[in-house]
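I opened this chain to look up its overall build, one helix pair and a few single residues. My entries follow in the order I made them.

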Amino acid sequence: QLSREEGDFLFGEPSVADFALAHCLWFLRSSPVTAPLVDGHPLVAAWLQRVLGFGHGAHSELSAAEAIEIARAATPAPLPEEDFAEPNGFQLGQRVSIAATDYGVDPVEGELLFAGREELILRREDERAGLVHVHFPRLGFSIRAV
């Protein structure tokens, strides 16, 4: 793939494919036993260095209290401009519960504001954070009526 594409990444320009695959190769490269599986292929090793060169971004410390205050002061972003698409019969404004299906399965309850092809959005009123919109991916999450 790297020898067939123009540019320095899997599909020419950096994409999610580069970052998804780099994760696996980074892991292989972390052991002297498996590192030759990556380093033995110069184009792959050079590509991996380019992807890893993006780094992890910048971060700053933030206390829970500061995060809650930021949420309280914020206004939720506008909803996506995609038609409400809920094949399971849930309705706009219905109280629902959404939870992960594999781990961290604590449900989150709220008013269903948006159901798109890839995302669900709940409206919640929290006594500390105020009005918040909570976003969930469709994949790996279940939704049920409250």
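**Entry 1: the chain as a whole**

I read the elements along the sequence and got the pattern α-α-α-α-β-β-β-β-β. That comes to 4 helices and 5 strands. I note here that the model is predicted.

I then looked up the extent of the chain. Its C-alpha trace spans about 55 × 40 × 30 Å along the principal axes. The radius of gyration is 21 Å, whereas a compact globule of 146 residues would have one near 15 Å.

How many of the residues count as buried? I found 24% of the 146. I also checked the contacts between residues at least 6 apart in sequence, and 44% of these join residues at least 24 apart.

**Entry 2: helices α1 and α3**

Two packed helices are described by the angle between their axes and the distance between the axes. I looked up both values for α1, residues 16-29, and α3, residues 42-52: the angle is about 110° and the axes are 10 Å apart. Angles of 65 to 115 degrees count as roughly perpendicular, so α1 and α3 are roughly perpendicular to each other. The crossing of α1 past α3 is left-handed.

Which residues make this contact? From α1 I listed Asp-18, Phe-19, Leu-21, Ala-22, Leu-25, Trp-26 and Arg-29. From α3 I listed Val-44, Ala-45, Trp-47, Leu-48, Gln-49, Val-51 and Leu-52. Sorted by class, the contact of α1 with α3 has 11 nonpolar residues, 1 polar residue and 2 charged residues.

**Entry 3: Trp-47 and Gln-49**

I took two residues of the α3 side for a further look. Trp-47 lies in helix α3, and so does Gln-49.

Is Trp-47 buried or exposed? Its relative accessibility is 1%, and under 20% counts as buried, so Trp-47 is buried. Leaving aside neighbours within four places in sequence, I found Trp-47 in contact with Leu-2, Asp-8, Phe-9 and Leu-10, and also with Asp-18, Leu-21, Ala-22 and Leu-25. Asp-18, Leu-21, Ala-22 and Leu-25 are among the α1 residues that I listed for the helix contact. I also noted a C-alpha separation of 40 Å between Trp-47 and Ala-74, which are 27 residues apart along the chain.

Gln-49 has 45% relative accessibility and therefore counts as partly exposed. From Gln-49 to Ile-121 I read 37 Å, C-alpha to C-alpha, with their positions 72 residues apart in sequence.

**Entry 4: Leu-92**

Where is Leu-92 placed? I found Leu-92 in the loop between α4 (64-73) and β1 (95-100). Its relative accessible area is 58%, and over 50% counts as exposed, so I recorded Leu-92 as exposed.

Leaving aside neighbours within four places in sequence, Leu-92 is in contact with Phe-84, Leu-112 and Leu-113. For one of these, Leu-112, I also looked up the spacing: the C-alpha atoms of Leu-92 and Leu-112 are separated by 5.6 Å, at 20 residues apart along the chain.

**Entry 5: His-135**

My last residue was His-135, which is found in strand β4, residues 130-137. With a relative accessible area of 47%, His-135 is partly exposed.

Which residues does His-135 touch, not counting those up to four places away in sequence? I found Glu-119, Leu-120 and Ile-121. His-135 and Leu-120 are 15 residues apart in sequence, and I read 5.8 Å between their C-alpha atoms. Ile-121 had already come up in my entry on Gln-49, at 37 Å from that residue.

Note on methods. Residues are numbered from 1 along each chain as its sequence is written. This is a predicted model: local features need pLDDT of at least 70, side-chain atom pairs count only at pLDDT 80 or more; totals for chains, interfaces and linings use all residues. Side-chain values use heavy atoms; hydrogens and water are left out. Axes are lines fitted to C-alpha atoms, for helices over the stretch in contact, and angles run from 0 to 180 degrees between N-to-C directions. Angles under 35 degrees count as roughly parallel, over 145 as roughly antiparallel, 65 to 115 as roughly perpendicular and the rest as oblique. A crossing is left-handed if the near helix is turned anticlockwise from the far one by less than a right angle, and right-handed if clockwise. Contact means heavy atoms within 4.5 Å. Ala, Val, Leu, Ile, Met, Phe, Trp, Tyr, Cys and Pro count as nonpolar, Asp, Glu, Lys and Arg as charged, and the others, Gly among them, as polar. Buried means under 20% relative accessible area, exposed over 50%, partly exposed in between (1.4 Å probe, protein chains only). The radius of gyration is taken over C-alpha atoms; the globule rule is 2.2 Å times the number of residues to the power 0.38.
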